[in-house]
4 protein chains.
Amino acid sequence: MSHTIHQKPKLLARVRRLKGQLEGIERALEAEAPCAEILRQLASVRGAMNGLTAEVMEDHLREHVLEVEDEDERHKGGAEMIEVIRTYMK
Amino acid sequence: MSHTIHQKPKLLARVRRLKGQLEGIERALEAEAPCAEILRQLASVRGAMNGLTAEVMEDHLREHVLEVEDEDERHKGGAEMIEVIRTYMK
Amino acid sequence: MSHTIHQKPKLLARVRRLKGQLEGIERALEAEAPCAEILRQLASVRGAMNGLTAEVMEDHLREHVLEVEDEDERHKGGAEMIEVIRTYMK
Amino acid sequence: MSHTIHQKPKLLARVRRLKGQLEGIERALEAEAPCAEILRQLASVRGAMNGLTAEVMEDHLREHVLEVEDEDERHKGGAEMIEVIRTYMK
């Protein structure tokens, strides 16, 4: 059982909003919008991606580490967290 | 006339690939995939986003700064570049 | 009692190495080195900073979260971790 | 002749301030400060590093690209800029 079950609707809404933002960039490219405009939209997608990722990390920490009584399970959740930290801090 | 005209097909292909990756995350959430898996997919989208952004920045620098003979036009393109640098280095 | 006690010599060595790298940048500026060279040195300091930060985060997670049996203490360590994630994912 | 000549005093002051912040982290480690405190100081150094890097990038863009009339020289400065963008957007 994964933690994403509990937060599923909220996370799905964020992913769909992100997809909508990418569709905005697609339309801007088709319409040959100025690239300064495209760059602003890309920065906004990046912010939204970072926010979504921080939320999934926090959920993971809460449900697979903090609230886990079993030490082995907790260390498994922690090892996954460390893998993520290394990926993002490279 | 914007620089995005020349690179349009290539950039559109990258944006669509990114949208496909987000749809993969959507499906993974629906299927209640383990969040370690979701986090890996998010890291991969982040890499693709950064790659796309670097490409748009490079194109902008080339077509609105480097290849511009008119000094005023070049400074306009440069000012937009500086705005982008500030956003990304915050 | 803080976790930094255990890792202290290793972390101090990394901080001192970073200081040495900054002194290199100081000397390069004094010697009026080309700025492409300065930018390369700055990128290298950034990599070292990220590596040090990832290490402190991992140590924190291990010693203030994973190895803590007391639930209240674990949640305190976790809340600090979440604060850090938010700072870095902004 | 490098652009860093003109901005030298300002950049040197920033590098020295950064060194001072690292010395603060060194003292905090020696004094066995809580790691949440160390992490806050690291985040603050990261912010200062990013600010310094953005400034060097902007100076480079201004003096080696925007204000350069000779097209070959401008492309050389631009190629260095693109190298930097790729490093930071990886």
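Here are some exercises with worked solutions on how the chains of this predicted model meet.

**Exercise 1. How big is the contact between chain A and chain B?**
Find how many residues take part on each side, and how much area is buried.

*Solution.*
Step 1: Start with the residues. Chain A brings 42 of them to the contact, and chain B brings 42.
Step 2: Now go for the area. The size of an interface is often given as the accessible area lost when the parts come together. For chain A and chain B, that comes to about 3,900 Å², with 71% of it on carbon and sulfur atoms.
Step 3: Look for the big contributors in chain A. A:Leu29, A:Leu39 and A:Arg46 lose the most area to chain B, and together they make up 16% of what that side buries.

**Exercise 2. Which polar links join chain A and chain B, and which elements of chain A are on the touching side?**
Count the links, then sort the residues of chain A by element and by class.

*Solution.*
Step 1: Count the salt bridges, and you get 12 between chain A and chain B. A good one to find on screen joins the side chains of A:Arg16 and B:Glu30, at 3.0 Å from N to O.
Step 2: Count the polar contacts. There are 14 residue pairs of this kind between the two chains, with both residues at pLDDT 80 or more.
Step 3: Go through the elements. On the side of chain A that touches chain B, those giving two or more residues are helix H1 (4-30), helix H2 (35-66) and helix H3 (71-88) of chain A. H2(A) provides the largest share, 17 residues.
Step 4: Sort by class. That side of chain A splits into 23 nonpolar, eight polar and 11 charged residues.

**Exercise 3. How are chain C and chain D related?**
Work out what turn and what shift lay chain C on chain D.

*Solution.*
Step 1: Recall the idea. Two copies of a chain are related by a rotation about an axis and a shift along it.
Step 2: Put in the values. A turn of 180 degrees and a shift of 0.0 Å along the axis lay chain C on chain D, with an RMSD of 0.0 Å.
Step 3: Draw the conclusion. The two copies are therefore related as by a two-fold rotation axis.
Step 4: Find the axis in the picture. In chain C, the C-alpha nearest to the axis belongs to C:Lys19, at 3.0 Å.
Step 5: Check the surfaces. Of the interface residues of chain C, 100% are also interface residues in chain D, so the copies meet through the same surface.

**Exercise 4. What does the contact of chain C and chain D consist of?**
Give its residues, its buried area and its salt bridges.

*Solution.*
Step 1: Here 42 residues of chain C are in contact with 42 residues of chain D.
Step 2: The two chains bury about 3,900 Å² between them, 70% of it on carbon and sulfur atoms.
Step 3: The interface holds 12 salt bridges. One of them is between the side chains of C:Glu30 and D:Arg16, at 3.0 Å from N to O.

**Exercise 5. Is C:Arg74 buried or exposed?**
Locate the residue, then decide.

*Solution.*
Step 1: You'll find C:Arg74 in helix H3 of chain C.
Step 2: Buried means under 20% relative accessible area. C:Arg74 has 0%, so C:Arg74 is buried.
Step 3: See what surrounds this residue. Leaving out residues up to four places away in sequence, C:Arg74 touches several residues, including A:Glu69 and A:Arg74 of chain A and C:His64 and C:Glu69 of chain C.

Key. Residues are numbered from 1 along each chain as its sequence is written. Chains are lettered from A and ligands numbered from 1 in the order in which they are written. Side-chain values use heavy atoms; hydrogens and water are left out. Contact means heavy atoms within 4.5 Å. Buried area is the accessible area (1.4 Å probe) that two parts lose on being put together, summed over both. A salt bridge is a side-chain nitrogen of Lys or Arg within 4 Å of a carboxyl oxygen of Asp or Glu. A polar contact is a pair of N or O atoms within 3.5 Å; within protein, one must be able to donate a hydrogen and the other to accept it, and residues adjacent in sequence count only if both atoms are side-chain atoms. Helices (H or I, at least four residues) and strands (E, at least two) are DSSP runs, numbered from the N terminus. Ala, Val, Leu, Ile, Met, Phe, Trp, Tyr, Cys and Pro count as nonpolar, Asp, Glu, Lys and Arg as charged, and the others, Gly among them, as polar. Copies are superposed by least squares on the C-alpha atoms of residues with pLDDT of at least 70 in both. Buried means under 20% relative accessible area, exposed over 50%, partly exposed in between (1.4 Å probe, protein chains only).
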